[in-house]
Amino acid sequence: MTETLFPTTIAGSLPKPAWLAAPEKLWAPWRLEGKDLAAAKDDATLLALKIQEDAGIDIVTDGEQARQHFVHGFLEAVDGIDFDKRVVMGIRNDRYKAMCPTVIGPLRLRARVHAREAQLARAHTRKKLKFTLPGPMTIVDTIADAHYGDRVKMAMAFAALLNEEARGLAADGVDVIQFDEPAFNVYMEAAARWGIEALHRAIEGLTCKTAVHICYGYGIPANIQWKATLGAEWRQYEKFFPALAKSRIDQVSLECIHSHVPMSVLKLLEGKDVLIGAIDVANDAIETPEAVAGVIAAAAEFVPPQRIVPCTNCGMAPMRRDIAAAKLQALARGAALARSKFG
């Protein structure tokens with residue numbers, strides 16, 4: 001259960017400063033190297049915390065400032081992957097193409113992956129801290145396999161590594177560890193069949209809060225075009241939410257504002273905290289507090305208010321920084337408005 005009514009958070013990522021990486025781009029190359037890059041990542045992480053705190057966000061993140069990509073930022077610390085052996089893959093059921101590295105041998109973590117930014121963030125905020133990791137199913141959908149020959153087997157191998165890092169994050173003082181699984185609403189039957197089992201391996205032994213973020217993706221053209229083909233109602237979640245409700249994951253994050261996900265689907269997540277996406281990351285228009293409060297109120301018809309955590313629809317990495325900051329302020333003000341109405 002959440003401790004305060006409608007505590008706010010974000011899906012994970014925030015835009016990077018222009019001095020760190022090219023703005024408004026995914027996969028933006030770093031603009032510094034070596035020690036200068038490491039120091040700049042630290043600075044950007046502290047700025048991300050400050051932006052969230054100034055906006056009034058209750059559960060903050062590192063903004064994923066030290067990672068070029070939400071999946072590959074983890075993979076860079078894994079032995080058994082050849083980044084020089086990249087192949088073009090159709091990912092998310094061939095929705096778009098990506099240059100993906102190849103698994104060539106047994107997987108092993110060389111060392112802790114995110115200790116530096118997690119410990120830095122923990123030392124510089126008194127607020128609850130959330131940290132994000134890619135989910136096992138999404139990882140195997142974003143990498144070529146020349147070793148395991150089986151997606152489930154490879155997913156479980158990655159889940160073991162994720163668990164190793166997650167235990168380290170928990171020891172660093174992280175309050176919520178979230179696994180990002182956009183692949184769940186692409187491979188719905190597999191999500192119920194083995195995706196949740198892989199998540200269970202990833203959270204094994206954790207005593208902090210655990211979450212899974214499921215969404216229809218960043219506001220990039222390929223995703224916007226795909227969403228246009230999904231019809232007037234997006235009911236994909238119905239295929240695996242009952243299994244997710246029975247899982248050991250504490251929280252589920254999904255988009256609600258400007259999406260075609262029927263709010264009634266949220267009833268299928270009984271017993272879970274639900275991170276309600278009330279900020280659209282595919283639109284530069286700044287939401288009003290009233291609009292945010294309206295999304296929260298609509299969700300409260302199907303989710304107990306004490307289990308609602310207002311959030312962003314997805315990561316904000318490709319957005320303009322000023323727009324992202326204004327949207328965070330709208331999120332906090334909208335949650336405060338909803339809080340006053342619900343008492």
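Biologist: What makes you say that helix 9 lies across strand 9 and strand 10?

Modeller: This is a predicted model, and contact in it means heavy atoms within 4.5 Å. By that test helix 9 lies across both strand 9 and strand 10. Helix 9 runs at about 150° to strand 9.

Biologist: Which sheet do strand 9 and strand 10 belong to, and what is its order?

Modeller: They sit in an open sheet of seven strands, ordered 1-4-6-7-8-9-10, with parallel pairing.

Biologist: Why are strand 1 and strand 10 called edges?

Modeller: Strand 1 (59-60) and strand 10 each have a single partner strand, so one side of each has no neighbour in the sheet.

Biologist: How do you know that strand 1 pairs with strand 4?

Modeller: Pairing takes at least two bridges. Strand 1 and strand 4 (residues 128-134) are joined by two bridges and run parallel, so they meet the cut-off and count as a pair. Ile 59, for instance, stands opposite Lys 128 in strand 4.

Biologist: What about the other sheet, in the order 2-3-5: how many strands are in it, and what is the pairing?

Modeller: Three strands form that open sheet, and the pairing is mixed. Its edges are strand 2 (78-91) and strand 5 (144-145), each of which pairs on one side only.

Biologist: What makes the pairing mixed?

Modeller: Look at the directions. Strand 2 and strand 3 (residues 96-109) run antiparallel, joined by nine bridges. Strand 3 and strand 5, on the other hand, run parallel, with two bridges between them. You can pick out partners too: Met 89 goes with Ala 98 in strand 3, Val 87 with Cys 100, and Thr 102 stands opposite Ala 144 in strand 5.

Biologist: Which helix lies across strand 2, strand 3 and strand 5?

Modeller: That's helix 5, running at about 75° to strand 3.

Biologist: Which residues touch the most other members of the largest nonpolar core?

Modeller: Phe 74, Leu 107 and Phe 158 do, in a core of 99 residues. Helix 5 gives the most to this core, with nine residues. Leu 107 touches, beyond four places in sequence, residues including Val 78, Ile 81, Tyr 148, Met 154, Phe 158 and Leu 161. Another core, of five residues, lies apart from the largest one, and among its members are Met 89, Ile 91, Cys 100 and Ala 144. As a general point, nonpolar side chains in soluble globular proteins tend to be buried together.

Biologist: How do you know that there are zero disulfides?

Modeller: A search of the whole structure finds zero. Take Cys 256: the nearest cysteine sulfur, that of Cys 311, is 9.8 Å away. For Cys 311 the nearest is that of Cys 314, at 9.4 Å. The cut-off for a disulfide is 2.5 Å between the sulfur atoms, so neither Cys 256 nor Cys 311 is in one.

Biologist: Are Cys 256 and Cys 311 buried or exposed?

Modeller: Buried means under 20% relative accessible area. Cys 256 comes to 10% and Cys 311 to 0%, so both count as buried.

Biologist: Why is Asp 172 called buried?

Modeller: The relative accessibility of Asp 172 is 15%, so it counts as buried under the 20% cut-off. Asp 172 is in the loop between helix 5 (151-171) and strand 6 (176-180). Setting aside residues up to four places away in sequence, Asp 172 touches Arg 112, Ala 115, Ala 118, Gln 119 and Arg 122.

Biologist: How do you know that the span of helix 10 is close to what is expected?

Modeller: Helix 10 (residues 321-342) has 22 residues, and the expected span at 1.5 Å a residue is 32 Å. From first C-alpha to last, helix 10 reaches 32 Å, so the two agree closely. Helix 10 is followed by Gly 343, whose phi is positive, near 75°.

Biologist: What do the buried residues of helix 10 pack against?

Modeller: They pack against helix 1 (34-55), strand 9 (273-279), helix 9 (289-299) and strand 10 (308-312). Among the buried residues are Ile 323, Leu 328, Leu 331 and Ala 338.

Biologist: What makes Ala 338 count as buried?

Modeller: Ala 338 has 2% relative accessibility, which is under the 20% cut-off, so Ala 338 is buried. Beyond four places in sequence, Ala 338 is in contact with Phe 6, Ala 293 and Ile 296. Ala 338 and Pro 305 are 33 residues apart in sequence and 9.9 Å apart in space, C-alpha to C-alpha.

Note on methods
Residues numbered from 1 in each chain as written. Predicted model: local features only at pLDDT ≥ 70, side-chain atom pairs only at ≥ 80, totals over all residues. Heavy atoms only, no water. Helix = DSSP H or I, 4+ residues; strand = E, 2+ residues; numbered from the N terminus. Buried < 20%, exposed > 50% of the residue type's maximum accessible area, 1.4 Å probe, protein only. Axes fitted to C-alpha atoms, helices over the stretch in contact; angles between N-to-C directions. Core = buried A, V, L, I, M, F, W, Y, C linked by side-chain atoms within 4.5 Å.
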